[in-house]
Amino acid sequence: GHFSFINDHAEKATGHFRNDLIGNSFTPLVLEDELPFLNEVFANVMLGESISYEMSLKTVYGNILTLAVNSAPLSADGKVYAALSFARDISLQKEAERLLKESEKRFKALHNASFGGITIHDMGIIKDCNQGLSDITGYTIDELIGMDGLLCIAEDSRNIARQNILASYEKAYE
């Protein structure tokens, strides 16, 4: 888990001077959500397993690089050596993931705050719904998810709903 050699490319890509990194742990550079995985990898490596995996490091520039990591079993000197290869900058991907999670949280809050029944479906099969729909129908949310949503509609209105679903009609209707 410590740097023993840094080439020019790694120094330039991370923005860290090699003298500041050599001998130090690379754990502070690892993204927080990957730390539990990293500990598992270290444990397996220390058992003498050869491992290949991908991880992400933060740079001084604020961007994130993915790394391909290959480790070998214990060497004759009792140490484990791993080669880290910088693969690509994934800063934009990570920011998009963060924004998506934030958007999903806002959507879920709005979705759940409505007293009316709201459902998200795929060709009528309920993928998600709010408590309002559960209250209206008498089914639990768990019972509703996976159900044919047309069964929640009065029989004489099902044909209209089916036609609107097939036509990808997205405006409100009764």
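**Two helices, a hairpin and a few odd backbone angles**

Right after helix 7, Ser168 takes a positive phi of about 55°. That is a bit of a surprise to meet in a residue that is not a glycine. The model is predicted, and Ser168 sits in the segment that follows helix 7. Its relative accessible area is 53%, so Ser168 is exposed.

Helix 7 itself covers residues 155-166, which makes 12 residues. From the first C-alpha to the last it reaches 17 Å, close to the 16 Å expected at 1.5 Å a residue. Which residues of helix 7 are buried? They are Ala161, Asn164 and Ile165. These three cover an arc of only 100° around the axis, which puts them on the same side of helix 7. The general rule behind this kind of pattern is that an α-helix has 3.6 residues a turn, so residues three or four places apart point the same way. On the face turned away from the buried side, helix 7 carries the exposed residues Asp156 and Leu166. As for what the buried side meets, the buried residues of helix 7 pack against strand 4.

Strand 4 leads on to the hairpin. Strand 4 (residues 119-122) and strand 5 (residues 125-129) run antiparallel and are joined by 4 bridges. Within this pairing, His121 of the hairpin stands opposite Ile126 in strand 5. Just 2 residues lie between the two strands. One residue in the turn is Met123, which has a positive phi of about 55°. Here again the positive value turns up in a residue other than glycine. Met123 belongs to the loop between strand 4 and strand 5, and with a relative accessibility of 54% it counts as exposed.

A little further along the chain comes Ser134, which is placed in helix 5 (residues 131-137). Is Ser134 buried or exposed? With a relative accessible area of 9%, Ser134 is buried, because the cut-off for that class is under 20%. Setting aside the neighbours within four places in sequence, Ser134 is in contact with Tyr139, Thr140, Ile141 and Leu144. Two of these partners, Ile141 and Leu144, fall within the residue range of helix 6 (residues 141-144). Helix 6 is also where confidence in the protein is highest, at a mean of 95.

Back towards the N terminus, helix 3 takes in residues 35-46. At 1.5 Å a residue, its 12 residues should span 16 Å, and the end C-alpha atoms are indeed 16 Å apart. The buried residues of helix 3 are Leu38, Val41 and Val45. They cover an arc of only 60° around the axis, which puts them on the same side of helix 3. Looking at the face turned away from that buried side, one finds the exposed residues Pro36, Asn39, Glu40 and Met46.

Met46 also comes up in a link across the sequence. Lys79 and Met46 are 33 residues apart in sequence, yet their C-alpha atoms are 8.9 Å apart in space. Lys79 is found in the loop between strand 2 (64-71) and strand 3. Its relative accessibility is 48%, so Lys79 counts as partly exposed.

Strand 3, on the far side of that loop, deserves some caution. Strand 3 (residues 82-89) is where confidence is lowest, at a mean of 63. Where pLDDT is low, the predicted coordinates should not be read in detail. Across the whole protein, the average pLDDT is 81, and 85% of the residues score at least 70.

Stepping back to the overall layout, the protein has 7 helices and 5 strands. Read from the N terminus, the order is α-α-α-β-β-β-α-β-β-α-α-α. Of its 174 residues, 26% count as buried. Of the contacts between residues at least 6 apart in sequence, 28% join residues at least 24 apart. The accessible surface comes to about 11,800 Å², and carbon and sulfur atoms account for 56% of it.

Note on methods
Residues numbered from 1 in each chain as written. Predicted model: local features only at pLDDT ≥ 70, side-chain atom pairs only at ≥ 80, totals over all residues. Heavy atoms only, no water. Expected span 1.5 Å × (residues − 1). Buried < 20%, exposed > 50% of the residue type's maximum accessible area, 1.4 Å probe, protein only. Arc of directions from axis to C-beta. Pairing = 2+ DSSP bridges. Contact = heavy atoms within 4.5 Å. pLDDT = per-residue confidence, 0-100. Areas by Shrake-Rupley, 256 points an atom, 1.4 Å probe, with all protein chains shown as cover.
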